[in-house]
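Hi everyone, thanks for making time. Could you bring up the sequence and the model on your screens, so that we can walk through a few spots together?

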Amino acid sequence: MIEVLAPLPVLLPLLGAAGALLVARHPTFQRSLSIVVLVAVLGVSVALLFLADAQGAGAVSVGGWPVPLGVVLVVDRLSALMLVVASTVALGVLVFAVGQGAADGSEETPLSIFHPTFLVLVAGVSNAFLAGDLFNLYVGFEILLMASYVLLTLGGTAARIRGGITYIVVSLTSSLLFLAGIGLVYAATGTVNMAQLAVRLAELPEGMQVVLQSMLLVAFGIKAAVFPLSAWLPDSYPTAPAPVTAVFAGLLTKVGVYALIRTQTLLFPGGALDDVLMWAALATMLVGILGAVAQSDLRRMLSFTLVSHIGYMVFGIALGTAAGLAGAVFYVTHHIAIQTTLFLVAGLVERQGGTTAVDRLGGLARRSPLLAVLFFVPAMNLAGIPPLSGFIGKLGLLEAGVAEGSAMAYALVAGGVVTSLLTLLAVGRVWTRAFWRSPNQAPAEDTAAAAAADATQRRRPADDDLAAPDDDRPRTALQDAWRRHTAVATATEAEVPPAAGAVRALRPLPPTMVGATAALAALTVALTGLAGPLYGLADRAATDLVDRTPYVSSVFGEAP
């Protein structure tokens, strides 16, 4: 049964994307088709998870080519769990985007472009999770990256183009390193099939193994935003539309983390670079969270916490034990749901308050209690407040570190505790300023700056064309009059602050957007209630990762 279902998480979104392009002139049909496709992908993913957990790993050779010549898709507990979580959050984000498109039109997310591109992104993510060879993993990355380039620059604003250029350059660099690593692996072993590499790489000299491992680690470290390869992320993600930022934050970096887990456990289980990974995990946690504490914009703060909490996952990978990997797998699952929800909440905050600058917000808890709850619950979960799933995941990782017992492991345990406390500080500051504080308690300089910015935004786009660039250039009477008018209007609007106690008018929140966010917030709570079975599944997946035999046997029938 696994052999029949395995290709569907990739095939269905690609067919759905083609169908969405064909009905691009009919937005209602396009939206309905996209949602139906993702519901089907979710159903198939759940079935694959139950089958993989009950029957063990399974593999299918696409096109009937003999292994290892053909493309192999492998479904084990880890890949099936990632498929379920990814399709769940993708469905929630798509419903949110549908609500935003219905409320705002195609200004932020052009429907004819967004839906097929989003489905292609889901197909790329699914292909990366199922890939049984390095080159197909590379193809999965490139599919999702090509789709992400389009999604990141939707709307064509200067900020989005600038952030998109940074993202594209970094992504192409990591892809080039990955492709070069694949070439070296093939030259050294004669194969790129991961099950076969699990045997052949062990036969290479230790120095060659370290070189190959280092190239793959750097490539995946960039994609996963592991420090010091993470500087690109806070400048790229916050510029995109809310649903795009949410799915990027929830999924794209986790595909990089998944690739780290798969290659470290299956291809390089000896632990030659585990110490390097431990240092990278510690630096990622601390540098990321210090950046988050320093931010005054909600989206940038969440982007830095995203980087920081990647460090927890790398912590579990670096330990290399079953307990450490179980904690990492559980934390990946938890963090996908939490981070996606928080970025959707940031989109709602921006819609209500007109900005994500925390110092220009206030009183959201009183004026929109539901929005306050939607932020508070996943924010406390991100900080690891007991008994939420964030606390359970961190506790599992810390226990694994203590059990490992080395000095570096204890340093990581201490770093994890400090990071958790600083995460609570970062989200607590957002809560007290944006939600709990009265609107008229914003600092005076922030009010003046906001008024000046609003006045500047109200200038006509043709101002720069009407006005001469300097006083020495000849001007017409019309240009002189327009310059005097705009100078007086801008100065007047910037110098006169709003009346004391004035409150920015709130925009209504569309029910579809709120419902999608609330559903994902409920999922984050459900992760706490289901933490026992979920952690048990993560533990079984980690045992298979350490053993390696189930994966190899699923591809070849028996270990070669």
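I'll go through some loop residues, then one helix, then the aromatic rings. One thing to keep in mind throughout: this is a predicted model.

Let's start with the loop between α7 (158-189) and α8 (194-200), which is where you'll find T191. Is T191 buried or exposed? With a relative accessibility of 4%, T191 counts as buried, because the cut-off for buried is under 20%. Its side chain makes a polar contact with the side chain of Q196, at 2.9 Å. If you set aside neighbours within four places in sequence, the contacts of T191 are P68, V185, Y186, Q196, L197 and R200.

Stay in that loop between α7 and α8, because N193 is there as well. N193 has a relative accessible area of 2%, so this residue is buried too. What does the side chain of N193 reach? That would be the backbone nitrogen of A195, at 3.0 Å. Now look along the chain: N193 and V555 are 362 residues apart, yet their C-alpha atoms are separated by 9.5 Å. V555 is also on the contact list of N193, once neighbours within four places are left out, together with V67, P68, V72, G132, D133 and F556. P68 may sound familiar, since we met P68 among the contacts of T191.

One loop further on, between α8 and α9 (206-224), sits L204. At 16% relative accessibility, L204 still falls under the 20% cut-off and therefore counts as buried. The C-alpha atoms of L204 and A188 are 7.8 Å apart, with their positions 16 residues apart along the chain. Beyond four places in sequence, L204 is in contact with A188, T189, Q209 and L212.

Now for the helix, α11, residues 242-267. Why do we expect a span of 38 Å here? Because α11 has 26 residues, at 1.5 Å a residue, and the 37 Å between its end C-alpha atoms agrees with that. There is a bend in α11 of about 35°, at F248. As for covering, 26 of the 26 residues of α11 are buried.

On to the rings. How many aromatic pairs does a search of the whole structure find? It finds 16. Take Y149 and Y167: the ring centres are 6.0 Å apart and the planes are at 75°, so this pair is edge-to-face. Y149 belongs to helix α6 (residues 134-152) and Y167 to helix α7, so the pair ties together parts 18 residues apart in sequence. Both Y149 and Y167 are buried.

A second pair, F330 with Y535, is tilted, with 5.0 Å from centre to centre and 35° between the planes. This pair links distant parts of the chain, 205 residues apart: F330 is in helix α14 (residues 322-353) and Y535 in helix α23 (residues 531-547). F330 itself is buried, with a relative accessible area of 1%.

Last stop: F135, Y138, F141, F178 and F220 form one aromatic cluster. Which residue has its charged end over the ring of F141? It's K223, and that charged end is 4.7 Å from the ring centre.

That's my tour, and I'm happy to go back to any of these spots.

Key. Residues are numbered from 1 along each chain as its sequence is written. This is a predicted model: local features need pLDDT of at least 70, side-chain atom pairs count only at pLDDT 80 or more; totals for chains, interfaces and linings use all residues. Side-chain values use heavy atoms; hydrogens and water are left out. Helices (H or I, at least four residues) and strands (E, at least two) are DSSP runs, numbered from the N terminus. Buried means under 20% relative accessible area, exposed over 50%, partly exposed in between (1.4 Å probe, protein chains only). A polar contact is a pair of N or O atoms within 3.5 Å; within protein, one must be able to donate a hydrogen and the other to accept it, and residues adjacent in sequence count only if both atoms are side-chain atoms. Contact means heavy atoms within 4.5 Å. The expected span of a helix is 1.5 Å times one less than its number of residues. The bend at a residue is the angle between axes fitted to the seven residues ending there and the seven starting there. Rings of Phe, Tyr and Trp (its six-membered ring) pair if their centres lie within 6.5 Å; planes under 30 degrees apart count as stacked, over 60 as edge-to-face and the rest as tilted. A charge sits over a ring if NZ of Lys or CZ of Arg is within 6 Å of the ring centre and within 35 degrees of the ring normal.
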